[in-house]
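Please open the structure in a viewer and keep the selection tool at hand. The tour proceeds from the whole chain to individual elements.

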Amino acid sequence: MGLVTNVLSYGRSGVADWIVQRFSALILAAYTVVVVVWLVVNGVGLTFAQWQGFIGQTWMRIFTLLTILALAGHAWIGLWTVATDYLKKRGIRVAFLGFVGVSLFAYVVWGISILWGF
């Protein structure tokens, strides 16, 4: 119960959340730039095999995994903040954050299975 209480409590570190939000935003921005630049350079007549070759490179798979984790962390902190600000009834807030947590976990596992074929 301690972990659940800590994750759902108001006593979280705002500085730590701020750092995670900013760091994850930088990762998301960098990933967007890399993909957009690659698409601009290779976009005319782009085939699935080219896209698969680009995404299938080890460095890009690792970068994509890091981006998926950054997106999940970014979304968790953002939705936790919204929930604690606007969902005043504890039961509704816990249910909402539980749904968000399970959904984010499923998306991360799904992304890993797509990237690494598990």
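Select the whole chain first: of its 118 residues, 26% are buried (under 20% relative accessible area, with exposed over 50% and partly exposed in between; 1.4 Å probe, protein chains only). This is a predicted model, in which local features need pLDDT of at least 70 and side-chain atom pairs count only at pLDDT 80 or more, while totals for chains, interfaces and linings use all residues. Residues are numbered from 1 along each chain as its sequence is written, and side-chain values use heavy atoms, with hydrogens and water left out.

Next, colour by secondary structure: the chain has five helices and zero strands (DSSP runs of H or I of at least four residues, and of E of at least two, numbered from the N terminus).

Now select helix H4 (residues 58-86) and helix H5 (residues 90-116), which pack at an angle of about 175 degrees with axes 10 Å apart (axes are lines fitted to C-alpha atoms over the stretch in contact, and angles run from 0 to 180 degrees between N-to-C directions). H4 is therefore roughly antiparallel to H5 (an angle over 145 degrees).

Finally, select Ile19 in helix H2 (residues 14-42). Ile19 counts as partly exposed because its relative accessibility is 46%.

How values were computed:
Parallel < 35°, antiparallel > 145°, perpendicular 65-115°, else oblique.
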